[in-house]
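Me: Could you take a close look at the unusual backbone spots in this model for me? I would also like to hear about the surroundings of one histidine.

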Amino acid sequence: MKTTQTCISRITLAAIGLLMYTLSIPLLAQDDDEEEREPIEFPSSLDEKLSTLTEAEMEFLSTGPTRRFASTPELLIEALEKRTAPEVRAYVDAMIWVTEQQAFQEGVDLDHIPLNTDSPDFNAYAVRRPRSFDPDREPGPIDLSRYGGRSGIPTFAGAPIALTPEDLIAGDVDVAIVGAPLNMGSGWRGAQHGPLALRLIGRVGGNDQYTQISPSRELNIVDYGDIAIDQDSTERSMQHVREIVREIAETGAVPFIVGGDHSLEYPNVAALVDVYGEDNLSVIHFDAHYDVGRDRAHFIDHGQPIYRLLADGHIKGGDYIQVGLRSGSPSESGYKWMREQGFKYHSMAEVERYGWDYVLERILSEAKADGRKLHISFDVDVLDPSYIAGTGTPVSGGLTPREAIPIIRKLCAQQEVVGFDIVEIAPEIDPTYVTNLHSAAIVQACLIGVSMRKLGFDPDYLNPITIDHAQDDYHVQNHEQNNEENAP
């Protein structure tokens, strides 16, 4: 008897070891689609091996979170079939043990992370500098250029800076580009350098070859500095980011937020809902990932901003259009959940089946039909990693800049854009300047679109002089539509 127990004990330890190794692999350990599933039906060949399990153990095996250990019912059945009856018993015991250990344990685990409220510096990171500390000046943007061009202190789009809402109002500002150097919402570090990278590298605001429009001439653009971030706490940072984005939007300027990781979508969208009201905002989410993570230990990180917005009642699934999905999740059950919530989504599988031009028109049509104000949240990992090496969670098979730039330009020309964010730029991962270059091009595309809308241009407008050398009538003979018809 002792020998048998020792054998089973060793089997149990081995099973737990194998399960803990499995749990160390993120793709198997974390799946945010753990809603109810159909019970697993086990073949009769397993009856004898499963006969020693209790009713509760059988319920766990057939309906519990077993996909953490075997990703499909077929793999679970295969794992059971190749084990002896004692090994099956040990395997199930180990799965139950690991599941119990992962859950919150009252009296053992902290249900919150306590902060030192006695610290005199508790809110120091976000305290605004009093205006009385500065020389008296009239409200309005401040030009930092020493010379007539872009020379001087680097700013977004080479634009003047603004420090207060009064500066935005006095300057009749159209677009306020603000940095949000948050890096704690991701497992990677480096996204805090995104704002600096886009100030230093990338031609934002200059002349656009496609339309011959220069946003810096058509729009009053300012650099609104960086938002203060508590880099020890994503949760604490959310409130202050929301406050700053809201104060920009309340002046009528469009906040362009440069991140920082994608946790920022939560305060950005929440702030715009604060200003424009529920049911008045649509969000187009460009991302390789669906970012509707659920049942996580932290309430906010870069994989669940959309779920937090839904759970906190700021938006509904029907307010969202998602573009570029192609990572390991959502699973089939996750997609079903998204359908039930009313999400519109456009995965790369749809692009593979129908082609990008077809899907592009569908996205533009859905956005236009909505008719509401629009926020665009652009995670740079929606682009293929061959174009964006500097991002924390790259996924192969993404969009090219040639596909992404026109749709961003058209969306920003077609809709009343009231917010735009670009996130997950981690330049230190990329030894080249390419990530910064393509990221800046995406920001530029939206600035051009906003300029086109202000000027009354059709979203499909391209300047005729850039698309035809006019030394023959080739295009006239071969294409019925003349691009000049799209001009105002």
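What follows is a walk through the backbone first and the histidine after that.

Reply: Happy to! Keep in mind that this is a predicted model. As background, most residues other than glycine have a negative phi, and most peptide bonds are trans.

Let's begin with the peptide bond. Between G259 and G260 the bond is cis, with omega near 15°. G260 sits in the loop that links β3 (254-259) to α11 (265-276).

Next come two residues with positive phi. D172 is not a glycine, yet its phi is positive, at about 50°. You will find D172 in the loop between α7 (165-170) and β1 (175-180). E424, also a residue other than glycine, has a positive phi near 70°, and its place is the loop between β8 (417-423) and α17 (434-455). Their surroundings can be told apart by accessibility: D172 counts as exposed because its relative accessible area is 56%, over the 50% cut-off, while E424 counts as buried because its relative accessibility is 2%, under the 20% cut-off.

Now for the histidine, H285, which belongs to strand β4 (residues 281-286). H285 is buried, with a relative accessible area of 0%. Its side chain makes a polar contact with the side chain of E265, at 2.9 Å. If you set aside the neighbours within four places in sequence, H285 is in contact with H262, E265, Y290, D291, I306, Y320, I321, Q322, V323 and S377. E265 therefore appears both in that list and as the polar partner of H285, given that a polar contact needs N or O atoms within 3.5 Å.

Technical notes: Residues numbered from 1 in each chain as written. Predicted model: local features only at pLDDT ≥ 70, side-chain atom pairs only at ≥ 80, totals over all residues. Heavy atoms only, no water. Helix = DSSP H or I, 4+ residues; strand = E, 2+ residues; numbered from the N terminus. Buried < 20%, exposed > 50% of the residue type's maximum accessible area, 1.4 Å probe, protein only. Polar contact = N/O pair within 3.5 Å; in protein donor to acceptor, adjacent residues only side chain to side chain. Contact = heavy atoms within 4.5 Å.
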